[in-house]
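Open the model in your viewer and keep the selection box handy. We will go stop by stop, picking a few residues each time.

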Amino acid sequence: GILHSFPTRRSSDLMLPGYVNADHLALARRATAAMGAAPPETQIRPSERPTRLRVGYMSGDFRVHPCNQLLCPVLEAHDKSRFELIAFDNSRDDASAVRQRILAAFDTVITVRNLSTELLAQAIRVAGIDILVDLSGHTTDNRLDGLARRPARIQMTWLGFPGGVGGGLADYLIVDGVSVPEGLERDFDEALIRLPVSYLPGGECPTAILPPAR
C-alpha cells in the first residue's frame, strides 16, 4: 500500500520517511515500467572493441548546476586518443559560461530536448554509442525514456541521482562504499561499479584567497 500514491519516481521520494531500499527499488521499477522497454531481441549488443570508445553522456544539467561543476574537469581530462565524447543535451540553455565550457569538452553535441522518445533513441543509435552514461536518473529533465529503448550497447547511470533507475534501463550504476554499503547489491537492478574513494568527482578547488591584513 505504500506505493499506491506514487505513479512516477521522483528525487524527492528519497526523503520520504519510513521507506527502505526495497520500497525505492519498487518505485523505480514502477516508474520505468510505463516507458515501454525494448524487448531483448531489439537491443544492441557489444561489437568488437573499436579504436576509440564512443561514450555518450546524456543530461539535463549541462548548465549552472552542481553536477556540471563536478563533471566538467572529468570530461576535460578524458584521453581523446582513446575516447570520443558525445553529449546528448537535454538541458535548458541558460547562456552561461559554465554551460559553454562543458559543451566544449565534447567532440560532438546533439541537442535532444525537443526530440520524441523514438527520435532520441534513433539519434543515439545513429551515433554508434558504445557506452551511454545517464547523468540525471530520476530528476528533472531526465530522458530515461530514451534508455528504455536500449539504444546503446552498454548503458550506465551515474552522478545526478544517488540511486538506481531500475527496470533494466541501465546495466551499471557507479557507487562507492558509503552511498551503497557492501551487502546491498540485491536492492538494485543494476550491477554496481564501486569506486575506491567516492563516486562523486572532486571538481575544482577555488583559487586560494589570502586573508586581508589586520
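How many bridges join strand β4 to strand β5, and in which sense do the two run? Select residues 131-134 for β4 and residues 154-157 for β5. The answer is 4 bridges, with the strands running parallel. Bear in mind as you look that this is a predicted model.

**Across the sheet**

Stay on this pair for a moment. Pick V133 and look across to β5: M156 stands opposite.

Now step from β5 to β6, residues 172-175. These two strands also pair in the parallel sense, over 2 bridges. Select T157 to find one contact point: its bridge partner in β6 is L173.

Go back to β4 and turn to β1. Here 4 bridges join the strands, which run parallel. Highlight M58, then D134 in β4, its bridge partner.

Zoom out. Which order do the strands of the open sheet follow? There are 7 of them, arranged β3-β2-β1-β4-β5-β6-β7, with parallel pairing. Select 108-111 and 191-194 next: these are β3 and β7, the edge strands, and each pairs on one side only. Look along the sheet, too. On average, neighbouring strands are turned by 25° against each other, direction ignored.

**Into the cores**

Show side chains now. The largest nonpolar core has 22 residues. Start with Y57, F62 and W158, the residues with the most contacts inside this core. Then colour the elements that each supply at least two of its residues: β1 (53-59), α2 (66-76), β2 (83-89), α3 (97-104) and β4. Which of them gives the most? It is α2, with 4 residues.

Centre the view on W158. Leaving out residues up to four places away in sequence, W158 touches Y57, L71, V133, D134, L135, I174, Y199 and P201. Two of these names have come up at earlier stops: V133 faces M156, and D134 is the bridge partner of M58.

Apart from the largest core lies another one, of 16 residues. Select L120, A127, L169 and A170, which are among them.

**Last stop: the rings**

Which residues form the aromatic cluster? Select Y57, F62 and F106: together they make up one cluster. A search of the whole structure finds 2 aromatic pairs. Keep Y57 and F62 highlighted as you finish, since both also rank among the residues with the most contacts in the largest core.

Terms used
Residues numbered from 1 in each chain as written. Predicted model: local features only at pLDDT ≥ 70, side-chain atom pairs only at ≥ 80, totals over all residues. Heavy atoms only, no water. Phe/Tyr/Trp six-rings, centres within 6.5 Å; stacked < 30°, edge-to-face > 60°. Pairing = 2+ DSSP bridges. Core = buried A, V, L, I, M, F, W, Y, C linked by side-chain atoms within 4.5 Å. Buried < 20%, exposed > 50% of the residue type's maximum accessible area, 1.4 Å probe, protein only. Contact = heavy atoms within 4.5 Å. Axes fitted to C-alpha atoms, helices over the stretch in contact; angles between N-to-C directions.
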